Amino acid sequence: LGEAVKEAVQEFGNLKKSIQETPSSHVDDHLPNEAGTEEERSERFYAALKKMSHTIEVMRKSKGPDSIDDVKEALEKNFLIPYALYDRRAEKKLMGDHLANIDAAHIFMNYLSLVSSEATKSGSTDRKLHLGCLELMRNLLEHYTDASSEFCRAVGRCGLVSMLVQNLASLQEEARTLENDENLGNITRSMMTILYNCSRVPETKDYFSDASAADLLKPYLRAEDMDIQVTTLCCLAYIIDADELHLIRVSTPVADLVMTLLNAAISDPQ
């Protein structure tokens, strides 16, 4: 019975993902015109991968806050726009796999730490820039962990899964009243979505276990925000064993939502 419950929740998570895909953001309105042959598209695509590599090298060498503005601009141009532009599943997977191969997850983790540290001590103008860079990096992690299992494995290996779990654990008290802080809610949803994406890759389970993720994340099942509750539930379904189901007790509204969507999927497999 325990395995059946886990599988039902996992299937619900996949269904939720397909219904509510992360939007490709406002960049859609500013995409360049990339008409041409398949060969030309392929050439542009591999040129984009080289620009990704160059951006990662810039981030690797950046040790201070003076780089943040330039890095944010490069991430928008060389990571966010290509993700929207090259919209085929295979292309997105190749981009994520490429990031895994060039140690991008580790570089992202270090740069997140740098920008987070600066955001806590900067003045109001710089703080806005730093918070914007953090939001962009979380969005990119959402996108590329959704696209590539290899990138998810890299996120686990480098310690970023553990860092995100710890960040969420530190926000638990505030998260119980997220209806009063939209920005905090967005941050929490984004980090939980990254973790959910990674949890779907079986090889990441040990990284979640090492981070004590089940115990640290389960308070979010009581968050005011329904989407956070559901994403947490779906994440936990992948990282706990059947004999640990007592760890995930959900509210009646969430249980009703899960059953409603699962029944709808069964009734209409299309």
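## Exercises on salt bridges and a buried helix

E91 has a relative accessible area of 9% and is buried. The model you are working with is predicted, and E91 makes a good place to begin.

**Exercise 1. Find where E91 sits and which residues E91 contacts beyond its neighbours within four places in sequence.**

Step 1: Start with the helices. E91 belongs to helix α4, which covers residues 89–101.

Step 2: Now look around the residue. Once neighbours within four places in sequence are set aside, the contacts of E91 are R41, F45 and Y86.

Step 3: Check the R41 contact for charge pairing. The side chains of E91 and R41 form a salt bridge, with N and O 2.7 Å apart. This pair connects distant parts of the chain, since E91 is in helix α4 while R41 is in helix α2 (residues 38–61), 50 residues apart.

Step 4: Compare each partner with the cut-off for buried, which is under 20% relative accessible area. R41 counts as buried because its relative accessibility is 16%, and E91 is buried too, at 9%.

**Exercise 2. Work out which parts of the chain the salt bridge between R200 and D146 ties together.**

Step 1: Confirm the pair. R200 and D146 form a salt bridge whose closest N and O atoms are 3.0 Å apart.

Step 2: Place each end. R200 is in the loop between α10 (182–199) and α11 (205–210), and D146 is in helix α6 (residues 124–147), so the bridge ties together parts that lie 54 residues apart in sequence.

Step 3: Ask how covered the two residues are. R200 is partly exposed at a relative accessible area of 24%, and D146 is likewise partly exposed, at 26%.

**Exercise 3. Describe the salt bridge between R153 and E150, then find the residues that salt bridges with shared partners join into one network.**

Step 1: Pick out the atoms. The side chains of R153 and E150 meet in a salt bridge of 2.9 Å, N to O.

Step 2: Read the cover of each residue. R153 counts as buried at 18% relative accessibility, whereas E150 is partly exposed at 35%.

Step 3: Find the secondary structure. Both R153 and E150 lie in helix α7 (residues 149–157), 3 residues apart, which is about one turn of the helix. In general, an α-helix has 3.6 residues a turn, so residues three or four places apart point the same way.

Step 4: Now turn to the network. Salt bridges that share partners join R41, D87 and E91 into one network. The structure holds 14 salt bridges.

**Exercise 4. Decide how enclosed helix α13 is, and find the residue that caps its N-terminal end.**

Step 1: Check the length. Helix α13 (residues 226–239) has 14 residues and reaches 20 Å from its first C-alpha to its last, close to the 20 Å expected at 1.5 Å a residue.

Step 2: Count the buried residues. In α13, 12 of the 14 residues are buried, so the helix is largely enclosed by the rest of the structure. Among them are I228, L233, C234, C235 and Y238.

Step 3: Look at the start of the helix. D225 caps the N-terminal end of α13, with a side-chain oxygen 2.9 Å from the backbone nitrogen of D227.

**Exercise 5. Put these details into the picture of the whole protein.**

Step 1: Count the elements. The protein has 14 helices and 0 strands.

Step 2: Add the burial. Of the 270 residues in the protein, 48% are buried.

Step 3: Add the contacts. Of those between residues at least 6 apart in sequence, 78% join residues at least 24 apart.

Step 4: Finish with the surface. The accessible surface comes to about 13,900 Å², and 49% of that belongs to carbon and sulfur atoms.

Note on methods
Residues are numbered from 1 along each chain as its sequence is written. This is a predicted model: local features need pLDDT of at least 70, side-chain atom pairs count only at pLDDT 80 or more; totals for chains, interfaces and linings use all residues. Side-chain values use heavy atoms; hydrogens and water are left out. Helices (H or I, at least four residues) and strands (E, at least two) are DSSP runs, numbered from the N terminus. Buried means under 20% relative accessible area, exposed over 50%, partly exposed in between (1.4 Å probe, protein chains only). Contact means heavy atoms within 4.5 Å. A salt bridge is a side-chain nitrogen of Lys or Arg within 4 Å of a carboxyl oxygen of Asp or Glu. The expected span of a helix is 1.5 Å times one less than its number of residues. A polar contact is a pair of N or O atoms within 3.5 Å; within protein, one must be able to donate a hydrogen and the other to accept it, and residues adjacent in sequence count only if both atoms are side-chain atoms. Accessible areas come from the Shrake-Rupley method with a 1.4 Å probe; for residues, only the protein chains shown count as cover.
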